[in-house]
Amino acid sequence: MTRRNLEEELALVHEMPMSFNALVIEYTSRCNAKCAMCYQAAGPQGSDLIGKATLDVQTAERVIREAIEIETVAPRCHITGGEGFLNAGTLLHLVGVARDVGFADVTTTTNGFWARDLAHGVAMAARARKAGMTSMEISWDYWHEPYISADAVSNSLEACFDAGIEANLRILSSRSHSYADALRGLRPDVLELVGRITCAPVMPTGRGATEVPPGDVYAQGTLDDSCHGMLNLTVNARGSVSPCCSGLDQIAEQLFGNVTERPLREIVEALDRSLLARVLVFRGVGALATMIEETGVRVDGRYTSICHQCWSMFSDTTMILALEDALQRRRELGLQRALDGMRQHVVTA
Amino acid sequence: MHPLIEAFRSVAVFLDEDEAGRTTGPDLGALARWVVAWDAWYRRTTGIDAGRRRHLMYRREVGVATAIRLEQWEGLRAVAGVCQALGVGWGLTLDGRDASRDAEAARSMFAEGLIQAVALSYGPDEALPANTADLVAAAFDLNLRVTLVGSMRRFLESGVLSAPGVNGRHLTLEPTLPVTLRDVLDASEPCFRRFRVLVDPSGDLYPCAGLLGLRHLRLGNISESFEETVFGRGRGPLELNALATCGPAIGLGRDQPVTSTGLPLLCDLHRAQLEEAGGPA
């Protein structure tokens with residue numbers, strides 16, 4: 001690493017506040033689908049990773065009210081699951097709470113199953129609009145196909161358009177299953193109604209770690225990348241808080257706090273002071289991997305992205321313990337050096 | 001509540017050109033100077049210069065929203081250089097067919113390191129050039145964020161969405177076919193996420209694309225100091241705070257078909273209302 005890069009990274013670690021593009025509330029871990037690539041490993045019986053869980057409505061409301069007062073959280077609230085529309089009443093109630101407290105952008109991610117029947121879909125989208133939903137991310141790809149009909153997805157896009165909700169169609173791909181393959185499954189006329197289509201490669205995290213063939217996955221970026229510009233303050237269905245919704249939100253270990261035990265602001269302030277969190281987001285997961293290897297624990301280098309690496313490392317208790325050990329040693333070493341410096345001062349004086 | 005100023009962290013510039021194809025406005029030298037002034041105003045007003053609220057330095061970008069041809073880059077390069085010096089991102093919208101016509105020049109432009117995001121815009125009436133996928137892949141290889149703007153039917157016909165070098169990359173598609181809207185809204189929504197500083201070809205400033213060109217609602221001009229504009233004075237023809245937090249009080253439930261401009265229905269309805277009234281929002 002060049003001296004300039006290290007100085008820049010350390011400046012970020014020491015000076016930049018951690019900030020978040022959205023508040024994300026994953027209020028349920030249940031989904032009606034069980035897609036092979038799901039990073040949450042969600043399904044009808046909950047998540048294979050964090051179990052069957054639902055954040056109670058009162059806690060979710062409190063979190064929304066607290067989050068709008070935290071200035072490092074952008075005014076966007078994303079309420080989702082699992083599949084958020086499994087309990088549309090709860091979802092739309094929380095959407096309304098987010099709108100009422102002042103979130104300017106209130107969104108969800110859905111597989112569109114609720115629009116199997118177009119008329120029902122149109123009515124649901126109208127309800128969502130009235131509740132305050134401004135935008136909807138609708139997921140569709142090869143791995144959704146066994147569970148959700150293309151017609152339902154097409155209908156959901158049409159319903160959003162009718163209701164004046166901006167639809168963001170989210171497509172994942174792999175080497176064997178392209179963006180074009182997924183899009184051709186949908187009605188051509190509705191593709192022209194979508195606000196935008198966001199295309200990304202599938203990640204081998206969650207269920208994808210075992211069910212998507214490794215050779216089919218595209219690498220993304222480099223393992224030296226950092227994620228500080230892409231954070232979302234995420235509360236999962238168990239109330240556990242994490243700085244992203246790309247995998248760290250789906251580990252069994254509770255690293256940063258739980259909203260059922262502490263106010264959100266306290267957790268966010270602790271997160272912003274956490275050496276582990278700050279090195280992770282500002283220097284990148286690669287910097288943590290280096291610390292872990294210094295303790296003698298080997299970190300497998302076969303990751304396709306920093307998110308893949310982060311999820312993999314923090315899903316492994318051995319690595320978490322090694323990291324905590326490494327950070328503790330660094331604190332002690334730093335303190336020892338400071339004390340040695342003070343003693344030398346005294347001798348000199 | 002998030003202060004209104006956070007909405008104006010980015011700028012979108014609209015250019016124009018004469019019959020000979022020369023860029024006619026806004027004056028690019030004046031634009032470059034204005035970008036410096038805008039950045040200083042933003043950093044001062046948010047407190048960034050005083051060491052506060054540094055997180056508001058993220059996601060700041062100046063972008064050209066009009067699809068330009070490669071030969072227009074020469075005049076814009078200086079503005080892009082100013083953005084680079086300020087630490088602000090720079091984005092461009094390119095006429096996709098023109099870029100394909102001289103793909104080597106397009107690649108060279110991408111490789112200069114001044115552009116962080118490129119939108120390649122295609123009209124709906126013709127097939128995409130055969131080298132479109134290669135051009136898109138080149139932009140990705142040079143670490144640009146890429147958006148394709150145009151007809152989804154044409155993108156699928158062209159094969160670009162399954163091409164090696166494009167499939168598996170982070171790509172955004174923006175369909176642009178105008179459609180006739182079938183219904184009307186029964187609820188407004190905050191304008192905050194659609195607000196940014198828009199500069200039209202005459203240098204006039206607007207808070208959003210929906211109001212572009214409605215001169216009685218402009219916030220100022222790039223030839224003025226910031227203190228002379230609504231940003232500096234804090235008062236103007238629009239209730240910006242109310243629009244940002246609640247959205248426009250449009251005539252909801254009007255049963256009047258509206259042809260989309262590609263903007264959200266709410267914006268089209270609001271604009272239609274303002275044009276009828278000829279007065280403030």
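**Figure 1. The contact between chain A and chain B in the predicted model.** The contact draws 36 residues from chain A and 34 residues from chain B. On the side of chain A that touches chain B, the elements giving two or more residues are helix H4 (118–131), strand E5 (166–173), helix H6 (179–184), helix H7 (188–191) and strand E6 (196–201) of chain A. E6(A) supplies the largest share of this side, 6 residues. By residue class, the side of chain A that touches chain B comprises 16 nonpolar, 9 polar and 11 charged residues.

**Figure 2. Pairing of strand E6(A) with strand E8(B) across the two chains.** E6(A) and strand E8 (residues 171–175) of chain B run in the antiparallel sense and are joined over 3 bridges. Within this pairing, Ile197(A) stands opposite Leu173(B), and Thr198(A) stands opposite Thr172(B). Both partners from chain B, Leu173(B) and Thr172(B), belong to E8(B).

**Figure 3. Strand E6(A) and its pairing within chain A.** E6(A) also pairs with E5(A), here in the parallel sense and over 6 bridges. Leu172(A) stands opposite Ala200(A) of E6(A). The covered face of E6(A) carries Ile197(A), Cys199(A) and Pro201(A), whereas Arg196(A), Thr198(A) and Ala200(A) lie on the uncovered face. Ile197(A), on the covered face, is thus shown again as the residue opposite Leu173(B), and Thr198(A), on the uncovered face, as the residue opposite Thr172(B).

**Figure 4. Helix H9(B) and the residue that follows.** Helix H9 of chain B comprises 13 residues, 265–277. At 1.5 Å a residue this helix should span 18 Å, and the computed distance between its end C-alpha atoms, 18 Å, therefore agrees with the expected value. The buried residues in H9(B) are Leu265(B), Leu266(B), Cys267(B), Leu269(B), His270(B), Arg271(B) and Leu274(B). Just after the helix, Gly278(B) adopts a positive phi of about 70°.

**Figure 5. The fold of chain B as the setting for E8(B) and H9(B).** Chain B contains 9 helices and 11 strands. Its radius of gyration is 20 Å, close to the 19 Å that the globule rule gives for 281 residues, so chain B is as compact as a globular protein of that length. The C-alpha trace of chain B spans about 50 × 50 × 40 Å along its principal axes. Of the 281 residues of chain B, 41% count as buried. Among contacts in chain B between residues at least 6 apart in sequence, 73% link residues at least 24 apart.

Methods
Residues are numbered from 1 along each chain as its sequence is written. Chains are lettered from A and ligands numbered from 1 in the order in which they are written. This is a predicted model: local features need pLDDT of at least 70, side-chain atom pairs count only at pLDDT 80 or more; totals for chains, interfaces and linings use all residues. Helices (H or I, at least four residues) and strands (E, at least two) are DSSP runs, numbered from the N terminus. The expected span of a helix is 1.5 Å times one less than its number of residues. A residue is buried if 20 or more other C-beta atoms lie within 10 Å of its own, exposed if 12 or fewer, and partly exposed in between; C-beta atoms are placed from the backbone. Two residues are in contact if their C-beta atoms, placed from the backbone, lie within 7 Å. Ala, Val, Leu, Ile, Met, Phe, Trp, Tyr, Cys and Pro count as nonpolar, Asp, Glu, Lys and Arg as charged, and the others, Gly among them, as polar. Two strands pair if DSSP finds at least two bridges between them. The radius of gyration is taken over C-alpha atoms; the globule rule is 2.2 Å times the number of residues to the power 0.38.
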